[in-house]
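Colleague: I have just opened this one and have not looked at it before. Could you walk me through it?

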Amino acid sequence: MIITNIPTSTVTSKSHTGGTQKRPLRSRARHPAAGGRQAVPTRVLIVDDHGFYANGLTSLINNEEDIVVCGICSRLTTVPASVEETDPDLVILDVSVAGENSVELANALQIRRPGLKFMFLSSFPGGLVHSHAKDLKPSTVVEKTQDPVSILRAIRRAIRS
């Protein structure tokens, strides 16, 4: 499943019956940035094959005023097209998506889009993941079991890196 071009008023997701559904998102008021201009939220693309986790992470992020999920991919093969279509500032990748290594994909994406930032989510021990992603800069690695506040802090660190 891939969800792209999510407007700020609705999000499309797969329903329990196999179809898709649109549901409203919380209103996202934008606060003026320095100089009186409207602040543009940081755009995040989520790549995770566990729909429940991806939807929960989307809800967590979309409750923030300065960050918005612009898409969700559940397969690595859909990520390059989604990156081109949604133009994210940060890509949050599960380290292993359907048994495939997302670090290799991130390396390829960074060649095509220098400056694109990455954050890896993993249920594996941190040292193993860090060793695979160490050459990819900038990137952040977070265990999926972290509490929501810690995950949001890690997302903000990844955005600032």
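Colleague: To start with the whole chain, what percentage of its 161 residues count as buried?

Modeller: Please keep in mind that this is a predicted model. Of the 161 residues of the protein chain, 45% count as buried.

Colleague: And how many helices and strands does the chain have?

Modeller: The secondary structure of the protein chain consists of five helices and 10 strands.

Colleague: What share of the contacts with a separation of 6 or more comes from residues 24 or more positions apart?

Modeller: Among the contacts in the protein chain with a separation of 6 or more, 61% are accounted for by residues 24 or more positions apart.

Colleague: Let's turn to the helices. How do H1 and H5 cross?

Modeller: Helix H1 covers residues 51–62 and helix H5 covers residues 148–160, and their axes come within 11 Å and cross at roughly 75°. Because an angle of 65 to 115 degrees counts as roughly perpendicular, H1 is described as roughly perpendicular to H5.

Colleague: Why do you quote both an angle and a distance?

Modeller: Two packed helices are described by the angle between their axes together with the distance between those axes.

Colleague: Fine. Which residues meet there, between H1 and H5?

Modeller: From H1 there are Tyr53, Leu57, Leu60 and Ile61, and these meet Pro148, Ile151, Leu152 and Ile155 of H5. Sorted by kind, the residues of this contact of H1 with H5 come to eight nonpolar, no polar and no charged.

Colleague: Is Pro148 buried, exposed or partly exposed?

Modeller: Pro148, which lies in helix H5, counts as partly exposed because its relative accessibility is 47%. Its C-alpha atom is separated by 9.8 Å from that of Gly56, although Pro148 and Gly56 are 92 residues apart along the chain.

Colleague: What about Arg157, where is that?

Modeller: Arg157 is also placed in helix H5, and with a relative accessible area of 44% Arg157 is partly exposed. Measuring from C-alpha to C-alpha, Arg157 and Thr140 are 7.8 Å apart in space and 17 residues apart in sequence.

Colleague: Back to Tyr53 for a second. What sits over its ring?

Modeller: The charged end of Lys144 sits over the ring of Tyr53, at 4.8 Å from the centre of that ring.

Colleague: And how many aromatic pairs does the structure hold?

Modeller: The structure holds zero aromatic pairs.

Colleague: Where does Asp48 lie?

Modeller: Asp48 lies in the loop between strand E4, residues 42–47, and helix H1. With a relative accessibility of 1%, Asp48 counts as buried, because buried means under 20% relative accessible area.

Colleague: What is Asp48 in contact with?

Modeller: Leaving aside neighbours within four places in sequence, Asp48 is in contact with Tyr53, Ala54, Cys73, Ser74, Asp94, Leu121 and Lys144. Tyr53 and Lys144 are also the two residues of the ring arrangement in which the charged end of Lys144 sits over the ring of Tyr53. As for Ser102, its C-alpha atom and that of Asp48 are separated by 9.8 Å, with their positions 54 residues apart along the chain.

Colleague: Tell me about Ser102, then: buried or exposed?

Modeller: Ser102 counts as buried, at 0% relative accessibility, and its place is in helix H3, which spans residues 102–112. Not counting residues up to four places away in sequence, Ser102 touches Leu76, Leu93, Asp94, Val95, Ser96 and Phe120. Asp94 is thus named among the contacts of Ser102 and also among those of Asp48.

Colleague: What about Ala106, which helix is that in?

Modeller: Ala106 is found in helix H3, and at 0% relative accessibility Ala106 counts as buried. The C-alpha atoms of Ala106 and Val79 are 9.6 Å apart in space, and the two residues are 27 residues apart in sequence.

Colleague: Changing topic to the backbone, what is phi of Asp87 near?

Modeller: Phi of Asp87 is near 50°, which is a positive value in a residue other than glycine. Asp87 is found in the loop between helix H2 (79–86) and strand E6 (90–94), and at 44% relative accessibility Asp87 counts as partly exposed.

Colleague: And Ala98, what is its phi?

Modeller: Ala98 has a positive phi of about 50°, although Ala98 is not a glycine. Ala98 is found in the loop between strand E7 (96–97) and strand E8 (100–101), and Ala98 counts as exposed because its relative accessibility is 54%.

Note on methods. Residues are numbered from 1 along each chain as its sequence is written. This is a predicted model: local features need pLDDT of at least 70, side-chain atom pairs count only at pLDDT 80 or more; totals for chains, interfaces and linings use all residues. Side-chain values use heavy atoms; hydrogens and water are left out. Axes are lines fitted to C-alpha atoms, for helices over the stretch in contact, and angles run from 0 to 180 degrees between N-to-C directions. Helices (H or I, at least four residues) and strands (E, at least two) are DSSP runs, numbered from the N terminus. Angles under 35 degrees count as roughly parallel, over 145 as roughly antiparallel, 65 to 115 as roughly perpendicular and the rest as oblique. Contact means heavy atoms within 4.5 Å. Ala, Val, Leu, Ile, Met, Phe, Trp, Tyr, Cys and Pro count as nonpolar, Asp, Glu, Lys and Arg as charged, and the others, Gly among them, as polar. Rings of Phe, Tyr and Trp (its six-membered ring) pair if their centres lie within 6.5 Å; planes under 30 degrees apart count as stacked, over 60 as edge-to-face and the rest as tilted. A charge sits over a ring if NZ of Lys or CZ of Arg is within 6 Å of the ring centre and within 35 degrees of the ring normal. Buried means under 20% relative accessible area, exposed over 50%, partly exposed in between (1.4 Å probe, protein chains only).
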